[in-house]
Amino acid sequence: MNLHGRVLAVSGTDPNGIVGAGTRLYLSQLGDRVAGRYSGGRIRRGCLVGRLAGVGLRFRYLQREESGEIHGGDSHCELEQLDDGRFRLIEHFSWTTREGSGINVFEEVCPAI
């Protein structure tokens with residue numbers, strides 16, 4: 001599974017989540033190491049680092065929100081390939097800097113070339 005160069009948008013968010021319809025996630029990958037940056041909506045700037053294992057992804061994230069606050073946490077994700085070739089990422093997140101956890105869903109904006 002290659003996530004390098006993929007761009008994903010939020011298709012579903014948890015009430016405990018901060019990402020939203022305007023958030024875009026840009027992924028890069030080298031071997032099993034994955035990095036990402038994201039912004040939009042209530043997120044000024046966010047980054048994640050993690051590892052890919054089969055159809056799963058584990059990462060830590062840190063983000064600066066439009067309020068100026070900085071928050072972060074841990075996530076484990078399931079990755080699915082949709083019938084049209086795009087990817088869906090189902091994120092199970094847990095905050096480490098505030099209370100709460102939940103599930104966000106991201107879908108690829110268009111397949112990587």
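The following exercises, each with a worked solution, concern a predicted model of a single chain.

**Exercise 1. Secondary structure and overall dimensions**

Determine how many helices and strands the chain contains, and establish how its radius of gyration relates to the globule rule.

Solution.
- Step 1. The assignment gives eight strands and zero helices.
- Step 2. In sequence order, these elements read β-β-β-β-β-β-β-β.
- Step 3. The chain has a radius of gyration of 13 Å, and the globule rule gives 13 Å for 113 residues; the chain is therefore as compact as a globular protein of that length.
- Step 4. Along the principal axes, the C-alpha atoms occupy a box of roughly 35 × 25 × 20 Å.

**Exercise 2. Burial, surface and charge**

Describe what share of the chain is buried, what its surface consists of, and how its charged side chains are distributed.

Solution.
- Step 1. Of the 113 residues, 42% are buried.
- Step 2. The exposed area of the chain is about 6,300 Å², of which carbon and sulfur atoms supply 51%.
- Step 3. Positive side chains number 14 and negative side chains number 14. The centres of these two sets are 7 Å apart.
- Step 4. Among contacts with a separation of 6 or more, 35% join residues that are 24 or more positions apart.

**Exercise 3. The cysteines**

Explain why Cys77 forms no disulfide with Cys47, and state whether each of these residues is buried or partly exposed.

Solution.
- Step 1. A disulfide is a covalent bond between the sulfur atoms of two cysteines. The cut-off applied to the sulfur pair is 2.5 Å.
- Step 2. The cysteine sulfur closest to that of Cys77 belongs to Cys47 and lies 15 Å away, which is too far for a bond.
- Step 3. The structure accordingly holds zero disulfides. Cys47 is in none, the sulfur of Cys77 being its nearest cysteine sulfur.
- Step 4. Cys77 has a relative accessible area of 5% and is buried, whereas Cys47, at 40%, is partly exposed.

**Exercise 4. The setting of Glu65**

Locate Glu65 in the secondary structure, decide whether Glu65 is buried or exposed, and list its contacts beyond four places in sequence.

Solution.
- Step 1. Glu65 belongs to strand β5, which covers residues 56-65.
- Step 2. The relative accessible area of Glu65 is 5%. Since buried means under 20%, Glu65 is buried.
- Step 3. With neighbours within four places in sequence set aside, Glu65 contacts Ile18, Arg42, Ile43, Arg44, His71, Trp95 and Arg98.

Technical notes. Residues are numbered from 1 along each chain as its sequence is written. This is a predicted model: local features need pLDDT of at least 70, side-chain atom pairs count only at pLDDT 80 or more; totals for chains, interfaces and linings use all residues. Side-chain values use heavy atoms; hydrogens and water are left out. Buried means under 20% relative accessible area, exposed over 50%, partly exposed in between (1.4 Å probe, protein chains only). Helices (H or I, at least four residues) and strands (E, at least two) are DSSP runs, numbered from the N terminus. The radius of gyration is taken over C-alpha atoms; the globule rule is 2.2 Å times the number of residues to the power 0.38. Contact means heavy atoms within 4.5 Å. Accessible areas come from the Shrake-Rupley method with a 1.4 Å probe; for residues, only the protein chains shown count as cover. Lys and Arg count as positive and Asp and Glu as negative; His and the chain ends are not counted. The place of a charge is taken as NZ of Lys, CZ of Arg, CG of Asp or CD of Glu.
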